[in-house]
Amino acid sequence: MGFGPASSGLGIRVEGTTRNSTLVCVPIMAESIDKMIIDVMKAGESGADIVEIRLDALKIFNPHEDLKTLIKESPVPTLFTYRPKWEGGQYDGDESQRRDVLRLAMKLGADYIDVELQVAQEFIESIRQEKPDNFRVIVSSHNYKKTPSLEDLGSLVAEIQASGADIVKIATTALDITDVARVFQVLVYSQVPIIGLVMKDRGFISRVLCPKFGGYLTFGTLEEGIVSAPGQPTIKDLLNLYNFRQIVPDTKVFGIVGNPVGDSKLPALFNELFKLIGFNAIYVPFLVDDPSKFLDTYSSVDTGGFSVTTPYKEAFFECCDEVDPVAKAIGAVNYVVRRQTDGKLCGYNTDCFCAISAIEDGLLGLRNASSKVGSGLAGKLFVVIGAGGAGKALAYGAKEKGARVVIANRTYDRARELAARIGGQAMSLTDLENFHPEDGMILANTTPIGMQPKVDETPISKHALKNYSLVFDAVYTPKMTRLLRDAEESGAAIVPGLEMFIRQAYAQYEGFTGLPAPKERIRKILAGN
């Protein structure tokens, strides 16, 4: 499947004219009633539509008194969950007492309760005579091991409906990001109110994109890391970073594809820009394990395009229907756009231009470089660390500018293969430590060495950096990597990866929206993060 029904175009919308009906629910996991009340108030202030009171988190619990207090104090509707250990919760007491508490919550004015499928039919039958008209029972099923087949998910939904549920809830576990597509399909075709979420990092998109498919609610936490299920975002990120309220069925989906993708600045950048111009689109992180499988699964024209990062620039090149001449020469892409007229994937490589132009600008700052006609790279010895997609792009770009290129890689065979392709020299990364044929060389790291969280790592020793006049690092998180710090202390000019990254963002924005890039705004957002 794709990301939903194909829409007619990349529409600009007037802000405020659309708002989905999907609720944002904040799970309240505090161990005391006093802290729960504080958190419930915070949830209301944060924009929550509903709070889920996890009674099984309480260390001390006086049902009648505490339920009354929580319902009275909550500024938003309440959902009570008393999750037993056998369904992934913390309650390990008497089952009949647990159900009595849920019945009591209903009688005292709760808006919703969540009851597990295993006991739902019997429980719902027990409250049938006294159930208030405006009270809803969510019947839930959690699978902490996998996401079942589409057929099995359909059967599960039917079983939950048959139990007497007002609202169906299924929560599965993602082993691969393509698992989420099956849950999206269930949401789209459901005839009853349904919550469908996929747990863990590879299921993250289910929590953000559910309004597109008609999901009844999603969960957003008050604080990062304090979650009621793996993979939950914060309510702040849902509402502000992902513009959750504005996601509707014809919203286009863009994103960054890679592994890892968690620290990318691109979702914050593109979602802010999309919101600024009223562009009906969302940009999310796609944690992908198999690029071909990912593209086959999410093939709708509603997937407008992808930024491509480590380690998939070459794999995505192979999956594209068409590529631009630079990408073809390099054999790698760093972003793709799905053409709206025929759904074909068109790949582009701006790594080459963006990195090389940043390095050339850096060279202009060196003495006498500005008086040189043509590129400052001409005749220079240009050492590229890495032979992946970004390495290929920089090697190709440097060669085109007249530099003498050396490829250093952990795997010598890959270095040799790239060097042969562009007409350069190859060596292993360990040999680079003692490589000093001349002074004033240029070094470009294109590997993820030194990226968050492994910020103390560097591809080359500080001692070896004294032979270079300029050092570029494609890593942009953190902005000042250990490699760049060591290089600066060794007397070299430095060019942070952020410079390349900003220039890439210009091109990708124009590719995704068809509009001129707001360059000053992009630079301000990215440099300020």
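A salt bridge is a side-chain nitrogen of Lys or Arg within 4 Å of a carboxyl oxygen of Asp or Glu. The exercises below concern a predicted model.

**Exercise 1.** State how many salt bridges the structure holds, and work out which parts of the chain Asp 49 and Arg 245 tie together.

Solution.
1. The structure holds 31 salt bridges.
2. One of them joins Asp 49 to Arg 245, with 2.7 Å between the closest N and O atoms.
3. Asp 49 sits in the loop between helix H1 (33-46) and S2, and Arg 245 in the loop between H8 and strand S9 (252-258), so the bridge ties together parts 196 residues apart in sequence.
4. Buried means under 20% relative accessible area. Arg 245 has 11%, so Arg 245 is buried.

**Exercise 2.** Place the salt bridge between Arg 99 and Glu 122 in the chain, decide whether each partner is buried or exposed, and name the network to which they belong.

Solution.
1. The closest N and O atoms of Arg 99 and Glu 122 are 3.3 Å apart.
2. Arg 99 belongs to helix H3 (residues 95-107) and Glu 122 to helix H4 (residues 117-127); the two are 23 residues apart, and the pair links distant parts of the chain.
3. Exposed means over 50% relative accessible area, and buried under 20%. Arg 99, at 13%, is therefore buried, whereas Glu 122, at 55%, is exposed.
4. Both residues belong to a network of salt bridges that also links Arg 83, Glu 95, Arg 98, Asp 114 and Glu 116.

**Exercise 3.** Describe the lining of the second largest pocket by position, element and class.

Solution.
1. The second largest pocket has about 850 Å³ of space.
2. Its lining consists of 29 residues; Phe 204, Glu 224, Asp 237, Tyr 242 and Gly 262 lie nearest the centre.
3. Helix H7 (204-209), helix H8 (235-241), helix H9 (266-277) and strand S10 (281-287) each give at least two lining residues. The largest share, three residues, is from H8.
4. By class, the lining has 13 nonpolar, eight polar and eight charged residues.

**Exercise 4.** Describe the largest cavity: its volume, its lining and the strands that contribute to this lining.

Solution.
1. There are two cavities of 30 Å³ or more, and the largest cavity has about 150 Å³ of space.
2. Lining the largest cavity are 17 residues, with His 142, Lys 169, Ser 228, Ala 229 and Gln 232 nearest its centre.
3. Two or more lining residues come from each of strand S2 (50-54), strand S6 (167-173) and strand S7 (194-199).
4. The classes are six nonpolar, five polar and six charged residues.

Definitions and conventions: Residues are numbered from 1 along each chain as its sequence is written. This is a predicted model: local features need pLDDT of at least 70, side-chain atom pairs count only at pLDDT 80 or more; totals for chains, interfaces and linings use all residues. Side-chain values use heavy atoms; hydrogens and water are left out. On a 1 Å grid over the protein atoms alone, a cavity is a set of points where a 1.4 Å probe fits but cannot get out, and a pocket is an open set with protein on both sides within 12 Å along at least five of seven lines; lining residues have an atom within 4 Å of a point. Grid points are joined across faces, edges and corners, and a volume is the space filled by probe spheres set on the points. Helices (H or I, at least four residues) and strands (E, at least two) are DSSP runs, numbered from the N terminus. Ala, Val, Leu, Ile, Met, Phe, Trp, Tyr, Cys and Pro count as nonpolar, Asp, Glu, Lys and Arg as charged, and the others, Gly among them, as polar. Buried means under 20% relative accessible area, exposed over 50%, partly exposed in between (1.4 Å probe, protein chains only).
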